[in-house]
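Colleague: I'm new to this one and would like a guided tour. Could you put it on the screen and let me ask as we go?

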Amino acid sequence: MCGRYSVAVSGAALVDVLGLDGTEPGFEWEPAYSVSPRTRAPVIRDRLIGEQRVSEAFMPTWGLRPSWAKEMGPRPINARLETAATNGMFRSAFASARALVPMTGYYEWQEALEDGKKVKNPSYVHAPGDELLLAAGLLAFHRQDGDEEWRTTFTIITRTGEDAAGEVHDRMPVFVTPASWDTWLAPEKVAKDEAGALLDLLDIESRSVASTLQTRPVSRAVNNVRTLNRHDPRLIDPA
């Protein structure tokens, strides 16, 4: 499960750190410590322009809506690694619309009793030094009724929780290392008989990253998306 995360770096820093070729027109991002579903966030994709492959950042909306999905239908924010290549909601995106979702950490909650009342205590899962992480993601494209413009949405692939991340939740994002970025982002369509090898790569890569992750308790201020200031760095301070 990944239902809220942070991207505590600027858009310009993302382009620089990741060595991107550029951004989609209008791309802007300020460091944010709470990214929630149904909002726009930075995502990285590779695409072909003529015969040249370019890597770029752009701003789709979190919550996948394929072109065939009903306007009021579900918008899954996560896709399970175990079924991403075969589930009808994600199969097409896995084959031909793969992406990377930058984050500097993500939140999970655990219930506890306090003075006889149930409370939810947030934990922040992050890399050592809060370094940038990249999660495997999928893209989908749709048009609003009467709108000629294509809109883009995304979902984050998750797997069973491992190591420290597994101590706060039984699911976690599928993070990958730079060694697999080019393979995962390849613009070419993945054939059915190639999907297994790509899933195995994600499994191996994500286990490797999981072994390095750390957790820390943070303030309950992050619990309420309606009242928090998403640009407040104190949201990820140790509680």
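Colleague: Let me start with one residue: is Arg38 buried or exposed?

Modeller: Some ground rules before that. This is a predicted model, where local features need pLDDT of at least 70, side-chain atom pairs count only at pLDDT 80 or more, and totals for chains, interfaces and linings use all residues. Residues are numbered from 1 along each chain as its sequence is written, and side-chain values use heavy atoms, with hydrogens and water left out. Now the idea: buried means under 20% relative accessible area, exposed means over 50%, and partly exposed is in between, with a 1.4 Å probe and protein chains only. Arg38 counts as exposed because its relative accessible area is 60%.

Colleague: Where does Arg38 lie?

Modeller: For that you need the naming. Helices (H or I, at least four residues) and strands (E, at least two) are DSSP runs, numbered from the N terminus. Arg38 sits in the loop between strand S3 (32-35) and S4.

Colleague: And what is the phi of Arg38?

Modeller: The general idea is that most residues other than glycine have a negative phi. Arg38 has a positive phi, near 70°, and is not a glycine. Asp115 is another non-glycine residue with a positive phi, in this case near 55°. Asp115 lies in the loop between S9 and S10, and it counts as exposed because its relative accessibility is 78%.

Colleague: How do strands S9 and S10 pair?

Modeller: Two strands pair if DSSP finds at least two bridges between them. Strand S9 (residues 105-114) and strand S10 (residues 117-126) are antiparallel and share 9 bridges. To find one on screen, pick Glu108, whose bridge partner in S10 is Ser123. The hairpin has 2 residues between the strands, and Asp115 with its positive phi belongs to it.

Colleague: Which other strand pairs with S10?

Modeller: That would be strand S14 (residues 214-217), antiparallel to S10 over 4 bridges. Look for Val125, which stands opposite Thr215 in S14.

Colleague: How many residues lie between S4 and S5 in their hairpin?

Modeller: There are 2, and Gly50 in the turn has a positive phi of about 70°. Strand S4 (residues 43-49) and strand S5 (residues 52-58) run antiparallel, with 7 bridges. Within that pair, Arg47 stands opposite Val54 in S5.

Colleague: Which residues does Arg53 touch?

Modeller: A contact means heavy atoms within 4.5 Å. Arg53 is in strand S5. Leaving out residues up to four places away in sequence, the residues touched by Arg53 include Asp21, Asp46, Asp182 and Pro187. Pro187 is 134 residues away from Arg53 along the chain, yet their C-alpha atoms are separated by 7.9 Å. Arg53 is partly exposed, because its relative accessible area is 32%.

Colleague: Let's try strand S6. Why does Trp62 count as buried?

Modeller: Because its relative accessibility is 0%. Trp62 belongs to strand S6, and its C-alpha atom is 5.7 Å from that of Thr39, with 23 residues separating the two along the chain. Thr61 is found in S6 too, which covers residues 61-62. Thr61 is partly exposed, because its relative accessibility is 23%. Beyond residues up to four places away in sequence, Thr61 has contacts with Arg38, Thr39 and Thr152, among others. Thr152 is 91 residues from Thr61 in sequence, and the C-alpha distance is 6.5 Å.

Colleague: Now zoom out. What does the secondary structure of the chain come to?

Modeller: It comes to 5 helices and 14 strands. Of the 239 residues, 50% count as buried. Among contacts with a separation of 6 or more, 68% come from residues 24 or more positions apart.

Colleague: What radius of gyration does the chain have?

Modeller: It's taken over C-alpha atoms, and the globule rule is 2.2 Å times the number of residues to the power 0.38. The chain has 18 Å, which agrees with a compact globule, because one with 239 residues would have a radius near 18 Å. Along the principal axes, the C-alpha atoms fill a box of roughly 60 × 40 × 35 Å.
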